[in-house]
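Work through the exercises below with the sequence and the model at hand. Each task is followed by a solution in steps.

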Amino acid sequence: MKTNLLIIIGTLAIGAAIPCATAQNHREATDPSPRTSEGVRERTLVETIHSRPELSTFSKLLKLSGMEEILAKGDFTVLAPTDDAFRAMPEENLEALLASGDRTQLQQFIGYHVIPARIPVARLGTGEATTLQGSKIAFSTVDGVVWVSR
């Protein structure tokens, strides 16, 4: 089964940077987040996922799984399904996942979409990786679109 996914890379610097309203000396002492050359704090991977409207379902599952703290530490590549991808799956499967409250099941689901390494987009065109959940996945590129399959 092939799945077309929105790919989010790394733990930092995804999407637009958000401004920080404090003075630089105070900011550096209280918020050690990486900065752009203009001194703007970069978004974390988790902030980026939560800020993207097309990832609202994945964002909700991430919150329910309790894995936000894990993704806030270390380098990860997240293969986040868009809301369109969730709409393509049987509705009862998604409803069961959302309603279950089973953190283990939710963590397995989220973990399947996380690779415990930072992989540049250029390297995703072909090859394999092992997810945080332990599954092996393969990448291929068709007409410039990266596809992921088991």
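**Exercise 1.** State how much area the chain exposes and what share of it carbon and sulfur atoms supply.

*Solution.* In this predicted model, the exposed area of the chain is about 8,400 Å². Carbon and sulfur atoms supply 53% of that area. Next, turn to burial: the chain has 150 residues, and 35% of them count as buried, with buried meaning under 20% relative accessible area.

**Exercise 2.** List the helices and strands of the chain in sequence order.

*Solution.* Start with the count: the chain holds seven helices and seven strands. Then read along the sequence, which gives β-β-α-α-α-α-β-α-α-α-β-β-β-β. As for contacts with a separation of 6 or more, 60% of them join residues 24 or more positions apart.

**Exercise 3.** Which strands does β6 pair with, and in what sense?

*Solution.* Step one: β6 covers residues 136-142 and pairs with β5, residues 127-130, in the antiparallel sense over four bridges. Within this pair, Gly 127 has Phe 139 as its bridge partner. Step two: β6 also pairs with β7, residues 145-149, again in the antiparallel sense, over five bridges. Here Ser 140 of β6 stands opposite Trp 147 in β7.

**Exercise 4.** Which residues take a positive phi in the hairpins of β5 with β6 and of β6 with β7?

*Solution.* Take the β5 and β6 hairpin to begin with: five residues lie between the strands, and Gly 134 has a positive phi near 110°. In the β6 and β7 hairpin two residues lie between the strands, and Asp 143 in the turn has a positive phi of about 50°.

How values were computed
Residues numbered from 1 in each chain as written. Predicted model: local features only at pLDDT ≥ 70, side-chain atom pairs only at ≥ 80, totals over all residues. Heavy atoms only, no water. Buried < 20%, exposed > 50% of the residue type's maximum accessible area, 1.4 Å probe, protein only. Contact = heavy atoms within 4.5 Å. Areas by Shrake-Rupley, 256 points an atom, 1.4 Å probe, with all protein chains shown as cover. Pairing = 2+ DSSP bridges.
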